[in-house]
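I opened my notebook to look at one structure, and I wanted to keep a plain record of what I looked up and in which order.

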Amino acid sequence: MAKQITSRAEDYSQWYVELVKLADLAENSDVRGCMVIKPYGYAIWEKMQQGLDQMFKDTGHVNAYFPLFVPKSMFEAEEKNAEGFAKECAIVTHYRLKTDPAGNGKLMVDPEARLEEELVVRPTSEAIIWNTYKKWIQSHRDLPILVNQWANVVRWEMRTRLFLRTAEFLWQEGHTAHATAAEAEKETRTMLDVYADFAENFMAVPVIKGKKSEGEKFPGAIDTYCIEALMQDGKALQAGTSHFLGQNFAQAFDVKFTGKDGKLEYVWGTSWGASTRLIGGLIMAHSDDDGLILPPKLAPIHVVIVPIFKNDQELSAISEVADKLMKELKAAGLSVKFDNRDTHKPGFKFAEYELKGVPVRLAIGPRDLEQGTVELARRDTREKKSMKATDVATEVPSLLDDIQKNLYRKALKFREDMTTPVNSWDEFKKVLEEKGGFLLAHWDGTAETEAKIKEETKATIRCIPLDAPVEKGKCVLTGNPSNQRVLFAKAY
RNA sequence: CGGGGUGUAGCACAGCCCGGCUAGUGCGCUACGUUCGGGACGUAGAGGUCGGAGGUUCGAAUCCUCUCACCCCGACCA
């Protein structure tokens with residue numbers, strides 16, 4: 001036993017960090033606050049991109065790319081948005097280095113090369129995009145514009161955690177423009193549904209759809225919708241957001257169109273995004289003390305084949321069987337890896353692929369050759385069974401399906417167990433402290449109460465659930481009347 | 001930006017308080033051999049500006065000054 005991960009019970013965040021590193025997903029770089037996403041971690045991101053991108057295309061969106069830099073004057077045009085991000089912007093002030101005249105062989109910023117106007121490194125792209133949309137839109141015939149971009153953004157975070165919060169991260173941001181408020185609102189909700197669909201069907205993570213409170217919403221938006229997922233430590237993670245921007249950005253950037261009636265009106269907008277943070281959520285939702293557990297739909301490798309052999313003769317005999325299985329499984333659309341390294345023992349490989357969360361493992365040894373069998377092991381339940389080699393190609397696809405469903409079921413049950421309606425302030429504090437998870441509580445709807453709860457307990461309103469039933473009640477803190485329960489939790 | 005901490009081999013660390021010969025340990029790495037159905041073992045090896053600069057001293061990883069970087073805890077956040 002060489003690599004042992006800190007258990008979740010012992011120290012959840014330590015477990016997370018070690019897992020990310022040991023599973024080869026990412027590491028801290030020598031650049032402050034920035035991470036290196038390693039090939040295996042990036043492969044998961046590519047799977048996420050493929051899934052989301054297809055869903056965006058299916059809902060009528062197209063991809064484009066906008067600049068990394070935003071001139072300060074453009075950035076500040078929408079005041080609330082600019083203010084909201086001001087504290088965490090990286091700014092380019094110079095465009096040239098020169099040799100240090102001190103003769104130390106070093107470079108220095110050339111003071112002569114100061115930019116006329118500073119460039120903000122985008123923390124999000126509304127500004128440059130709405131500046132561009134102004135040129136694209138004159139008539140209702142130019143609408144809607146349904147554009148998405150896959151990009152990196154920079155937010156100068158004080159404290160960073162791999163995938164969950166880094167100074168630079170990868171994401172997609174959709175930016176749409178519409179002729180009517182109703183259409184933009186519909187788009188906002190459509191994309192929220194896309195995110196929820198993705199989270200549940202690809203990530204196997206159940207989410208709660210809701211609206212953000214005034215205090216938690218995106219600066220510059222009229223309404224912010226989100227999906228909230230629950231991690232195994234009982235903390236919430238926002239997994240995607242969709243904003244109804246109203247005419248805020250259209251007004252700030254003077255984007256108007258002529259309607260069918262000939263009248264000039266400001267354009268209605270939305271924006272929506274999901275980031276590499278999803279990878280963090282994926283890890284924290286399913287994985288265990290032995291390593292990652294990946295849902296088949298996002299696993300870079302579906303099946304790994306581990307040969308058990310003493311010598312070259314055995315290996316080549318096993319390879320024949322393995323090659324045949326690989327062909328069959330690949331034909332079924334699966335990604336398969338045959339690990340025929342002779343530098344590591346089977347036990348080492350078993351542990352390694354468990355660490356990396358490969359959903360299905362096939363082991364083939366001399367005994368299997370004699371009997372025409374393979375040993376099949378599934379990562380999620382750790383079950384092992386022997387089966388006929390000829391059945392593999394038909395059984396594995398449905399097994400993967402079952403794993404995908406099982407992970408979702410398990411996560412859903414966990415969330416249900418960890419969602420607690422509370423009716424008094426004492427109960428609120430007690431449940432939050434002792435159990436954690438989601439708390440459903442009445443709230444009087446004021447920012448003051450929200451802030452006070454946050455200050456006293458660290459719990460925030462994750463969202464006002466969309467499907468919450470109307471229910472008369474009293475605010476858990478103030479006792480003032482309330483019409484529905486909202487979702488509270490400590491959050492990442 | 002406050003408060004704490006750490007920089008010694010690819011990684012994790014010991015040594016520092018109380019200065020002393022050639023700077024260690026584990027993992028990893030290289031070669032060879034034996035192993036191989038749950039993280040193998042043996043033997044032999046390679047690998048270091050002790051974060052950087054300056055100072056004290058016969059002598060500094062160790063003491064002093066300065067400096068840089070990173071990590072953790074808080075306030076802020078996808």
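I began with the surface near RNA strand B, in what is a predicted model, and noted that α10 (346–355), β19 (360–364) and α11 (366–371) each supply at least two of its residues. Which element gives the largest share of that surface? I found that α10 does, with seven residues.

Next I looked up the whole set of residues around the strand: 38 residues surround RNA strand B, and the closest are Arg159, Arg165, Arg277, Glu354 and Lys458. Of the atoms of RNA strand B that come within 4 Å of the protein, sugar and phosphate account for 36%. I then sorted the residues of this surface by character and wrote down 20 charged, 13 nonpolar and five polar.

I also went through some individual polar contacts with RNA strand B. For Lys310, I noted a backbone N or O atom that lies 2.7 Å from a base nitrogen of the strand, while for Lys384 I noted an N or O atom in the side chain that is 2.7 Å from a base nitrogen. Lys345 has a polar side-chain atom 3.5 Å from a sugar or linking oxygen of RNA strand B.

Last, I turned to a pair of helices, α1 (residues 12–22) and α8 (residues 277–286), whose axes come within 11 Å and cross at roughly 115°; the crossing is right-handed. I listed Tyr12, Trp15, Tyr16, Leu19 and Val20 of α1 as making the contact with Gly280, Ile283 and Met284 of α8. I counted these contact residues as seven nonpolar, one polar and no charged.

Technical notes:
Residues numbered from 1 in each chain as written. Chains lettered and ligands numbered in written order. Predicted model: local features only at pLDDT ≥ 70, side-chain atom pairs only at ≥ 80, totals over all residues. Heavy atoms only, no water. Near = heavy atom within 4 Å. Polar contact = N/O pair within 3.5 Å; in protein donor to acceptor, adjacent residues only side chain to side chain. Helix = DSSP H or I, 4+ residues; strand = E, 2+ residues; numbered from the N terminus. Nonpolar A, V, L, I, M, F, W, Y, C, P; charged D, E, K, R; others polar. Axes fitted to C-alpha atoms, helices over the stretch in contact; angles between N-to-C directions. Left-handed = near helix turned anticlockwise from the far one by under 90°. Contact = heavy atoms within 4.5 Å.
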